[in-house]
Amino acid sequence: MRIAVAELKQETNSFVPFTTTVKTFEDQYLYRGDEILTAFGGARLEVPGALDALHAAGAEIVPLLATMAMASGTVERASFEILLGEILERLAAAGPVDGVYLALHGAMILEDEPDAEAEIVRRVRAVLPSGTPITVSLDLHGHITAAMIQPDVAYIGYREFPHIDMYETGYRTAQLLVDWVNGKVKPVMALAKKHMVVSPDSARTTAAPLADIVAEGRAMEARGEVLHVSLFPVQPWIDTPDLGFAALVCGTDPAKTQAAADRLAQMAWDRRAEFEPTITPLDEIIRIGLSSPGLTVASDSGDTPSGGAAADSTAVLAALLRAGADRADRISICTICDAEAAAQAAKAGAGATVTLAVGHKRSGLGDPLTVTGKVKVISDGAYILTGDGARGMVGEMGLTVVLAIGSIRLNLRSIPHFEWDLGIHHSVGLDPAGAALVFVRSPAHFRVSYTPIAARIFLADTPGPTCANMRRIPFTKVTRPLYPLDLVNV
């Protein structure tokens with residue numbers, strides 16, 4: 001069999017003042033044609049998982065294009081057309097294929113289209129003969145819509161959050177395609193939604209209430225009622241109609257598949273109050289961290305790049321300075337993404353003392369903070385992720401400088417990137433395990449790497465476009481009523 005493979009993945013945040021372009025994708029990776037077959041190395045991501053499944057099945061792989069952008073603002077239509085256009089051109093030029101595997105995110109919003117994934121699938125289908133099967137892997141935070149449910153298309157989402165099964169999801173999705181092409185299954189999809197949004201940290205599959213709903217989904221699969229259950233607590237920082245929790249089920253019997261989706265969505269709705277996050281004031285976290293033994297880790301929940309923020313807020317650094325963390329006997333570590341300040345510090349050179357205005361250059365959501373510190377390390381910002389999840393992926397922080405502001409270590413980088421992994425600090429000579437405080441710009445995934453070394457973990461109540469308090473998100477386009485913004489009893 002001949003199977004085409006493509007990836008076009010981005011998670012949009014509707015509340016940031018910048019857009020996503022081709023360069024945003026290129027800053028992470030953009031692979032074309034046969035380059036896809038080897039470019040990922042040992043990274044445990046969806047495309048490598050799919051490739052392994054297809055190799056195991058003896059399929060001829062037709063690689064088209066694979067690219068991912070960090071979560072960011074709305075995707076510019078022109079950039080989208082360049083990338084999707086190349087996928088479609090390569091697919092049309094490839095000759096007959098028996099199926100297509102797509103790696104998408106599920107929450108991409110275009111300037112003029114709130115449902116990018118539905119458009120991608122529709123336009124890929126238009127290039128193919130009727131009846132050609134397509135399987136699509138999705139992030140668990142995808143915004144799933146009725147328009148995505150199209151003929152000859154099946155979806156499978158990540159099972160885990162924190163995201164530790166991206167490779168397995170790609171493998172599972174490609175294996176479904178192989179079985180479909182071989183006539184072993186004829187999938188049908190069923191969708192059920194509830195208009196509710198929850199803080200990502202409260203929607204971990206390792207903790208109740210979501211863990212209990214996941215367990216029921218796995219039991220449905222084990223009983224043979226359905227093929228695959230995917231739950232989508234959704235990325236909440238997108239402003240679009242029909243936003244909410246989705247249960248998307250793949251099965252073979254339409255009635256059983258829809259009944260499973262309806263039951264799982266209702267379970268989430270019935271336990272909606274249990275998704276309330278525990279958020280701690282920033283100053284309280286710093287007080288605890290500076291006065292307690294062991295490592296205190298906190299999520300800078302309001303400004304997380306994996307949720308689409310610029311990662312340039314100075315809220316944490318300013319609070320550390322107010323609390324005297326620069327005079328403490330143990331170090332505190334935080335990050336800011338500021339290419340201009342990083343370049344100025346690097347130009348001064350290692351060992352130099354510099355005064356910089358840092359932060360808010362890209363977001364424009366506040367004023368830069370002027371700090372004076374010593375340049376400790378200058379790096380190109382490249383590192384390999386080693387924690388569970390995207391292990392083996394190359395992280396790109398761009399030009400990165402470690403600035404010592406007394407006992408504070410500011411990891412000052414140029415490109416926003418996942419702060420899931422200890423590698424962002426190890427790669428520039430910082431040891432989080434020995435610190436008093438580490439602030440991480442990640443809603444929840446950071447727990448995978450930091451739980452083994454942390455004495456305590458908090459979700460900080462910090463400002464920004466990825467705030468953990470759902471009631472503070474300035475929605476204007478969502479379907480109302482929407483829980484917890486509105487009290488709903490139905």
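Start by selecting Asp 338 in this predicted model. Asp 338 caps the N-terminal end of helix 11, with a side-chain oxygen 3.2 Å from the backbone nitrogen of Glu 340. Now follow helix 11 along residues 339-348. Just after the helix comes Gly 349, which has a positive phi, near 100°.

Next, pick out the buried residues of helix 11: Ala 341, Ala 342, Ala 345 and Ala 346. They sit on the same side of the helix because they span an arc of only 135° around its axis. An α-helix has 3.6 residues a turn, so residues three or four places apart point the same way.

What covers those alanines? Color strand 12 (353-358), strand 13 (369-379), strand 16 (400-405) and strand 17 (408-413), which are among the elements covering them. Helix 11 lies across these four and strand 11 too, running at about 170° to strand 12.

Zoom out to the sheet. It's an open one of 8 strands, ordered 12-13-16-17-11-18-10-19, with mixed pairing. Strand 12 and strand 19 (456-460) are at the edges; each has a single partner strand, so one side of each has no neighbour in the sheet. From one strand to the next, the twist averages 35°.

For a detail, show strand 16 and strand 17: they run antiparallel and are joined by 5 bridges. Click Val 401, and you'll find its bridge partner in strand 17 is Leu 412.

Last stop: helix 9, residues 282-291, which also packs on the sheet. Helix 9 touches strand 10 (296-300), strand 11 (332-337), strand 18 (437-440) and strand 19, and its direction makes about 145° with that of strand 18.

Definitions and conventions
Residues are numbered from 1 along each chain as its sequence is written. This is a predicted model: local features need pLDDT of at least 70, side-chain atom pairs count only at pLDDT 80 or more; totals for chains, interfaces and linings use all residues. Side-chain values use heavy atoms; hydrogens and water are left out. Buried means under 20% relative accessible area, exposed over 50%, partly exposed in between (1.4 Å probe, protein chains only). Helices (H or I, at least four residues) and strands (E, at least two) are DSSP runs, numbered from the N terminus. The arc is that of the directions from the helix axis to the C-beta atoms. Contact means heavy atoms within 4.5 Å. A polar contact is a pair of N or O atoms within 3.5 Å; within protein, one must be able to donate a hydrogen and the other to accept it, and residues adjacent in sequence count only if both atoms are side-chain atoms. Two strands pair if DSSP finds at least two bridges between them. Axes are lines fitted to C-alpha atoms, for helices over the stretch in contact, and angles run from 0 to 180 degrees between N-to-C directions.
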